Amino acid sequence: MKFTTIIFLFSLILCVKSQNWFTDSARFIKEAGQGAGDMWRAYRDMREANYKNSDKYFHARGNYDAARRGPGGAWAARVISDGREFFQGGSSGRGVEDSRADQFANRWGRSGKDPNFFRPPGLPSKY
């Protein structure tokens with residue numbers, strides 16, 4: 001019990017010492033929400049395009065757009081991407097290799113690299 005109390009007080013002191021902990025938290029939450037929106041937009045575009053071999057591009061683009069929002073957006077992109085791959089598991093019929101390739105595209109986009117690296121030839125310029 002004493003250990004938990006000490007950790008709680010230490011955390012509280014650190015938060016209070018941070019000059020803008022409330023605004024920083026609010027900014028993080030806003031970025032996370034916007035990043036989730038970016039991920040949803042990439043997913044919606046992927047479904048709309050229905051273009052063969054384009055999923056890696058949309059993975060990279062969604063993560064790229066979300067991560068550009070800031071730390072909150074990058075966090076949301078990581079949570080959504082990892083969650084999708086975890087819950088999808090092997091049920092997509094594409095297996096572990098496809099999941100690894102998806103995660104590579106996710107990390108590529110989150111790191112700020114150009115998602116067009118994965119863009120398939122012939123994908124409409126709308127996307």
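Start by selecting A42: with a relative accessible area of 3%, A42 is buried, because anything under 20% counts as buried. You will find A42 in helix 2. Keep in mind as you look around that this is a predicted model.

**Around A42**

Now show what surrounds A42. Not counting residues up to four places away in sequence, A42 touches F58, R61 and G62. For a distance to draw in the viewer, join the C-alpha atoms of A42 and D55: they are separated by 9.6 Å, and the two residues sit 13 apart along the chain.

**On to M46**

Next, select M46. Once its neighbours within four places in sequence are left aside, M46 is in contact with D55 and F58. F58 is thus a good residue to leave on display, since you have already met F58 as a partner of A42.

**The largest nonpolar core**

Which residues make up the largest nonpolar core? Select M46, A49, Y57, F58, A60, A105, W108, F118, L123 and Y127, and you have the whole set of 10 residues. Colour the helices and you can see where they come from: helix 2 (21-49), helix 3 (55-67) and helix 5 (95-110) each supply at least two residues of this core. Helix 3 gives the most, with 3 residues.

**Helix 4**

Move on to helix 4, residues 71-88. A quick check with the distance tool is worthwhile here: its 18 residues should span 26 Å at 1.5 Å a residue, and the end C-alpha atoms are 25 Å apart, so the two values agree.

Then pick out the buried residues of helix 4, which are G72, G73, A76, A77, S81, E85 and Q88. As you look at how they are placed, recall that an α-helix has 3.6 residues a turn, so residues three or four places apart point the same way. What covers these buried residues of helix 4? Show helix 2, helix 3 and helix 5, which are among the elements covering them.

**Zooming out**

Finally, return to the full cartoon. The protein chain has 5 helices and 0 strands, and from the N terminus on its elements run α-α-α-α-α. Of the 127 residues in the chain, 34% are buried.

Switch on the contacts too: among those with a separation of 6 or more, 71% join residues 24 or more positions apart. End with the surface view, where the accessible surface comes to about 8,700 Å² and 61% of it belongs to carbon and sulfur atoms.

Terms used:
Residues are numbered from 1 along each chain as its sequence is written. This is a predicted model: local features need pLDDT of at least 70, side-chain atom pairs count only at pLDDT 80 or more; totals for chains, interfaces and linings use all residues. Side-chain values use heavy atoms; hydrogens and water are left out. A nonpolar core is a set of buried Ala, Val, Leu, Ile, Met, Phe, Trp, Tyr and Cys residues joined through side-chain atoms within 4.5 Å. Buried means under 20% relative accessible area, exposed over 50%, partly exposed in between (1.4 Å probe, protein chains only). Helices (H or I, at least four residues) and strands (E, at least two) are DSSP runs, numbered from the N terminus. Contact means heavy atoms within 4.5 Å. Accessible areas come from the Shrake-Rupley method with a 1.4 Å probe; for residues, only the protein chains shown count as cover. The expected span of a helix is 1.5 Å times one less than its number of residues.
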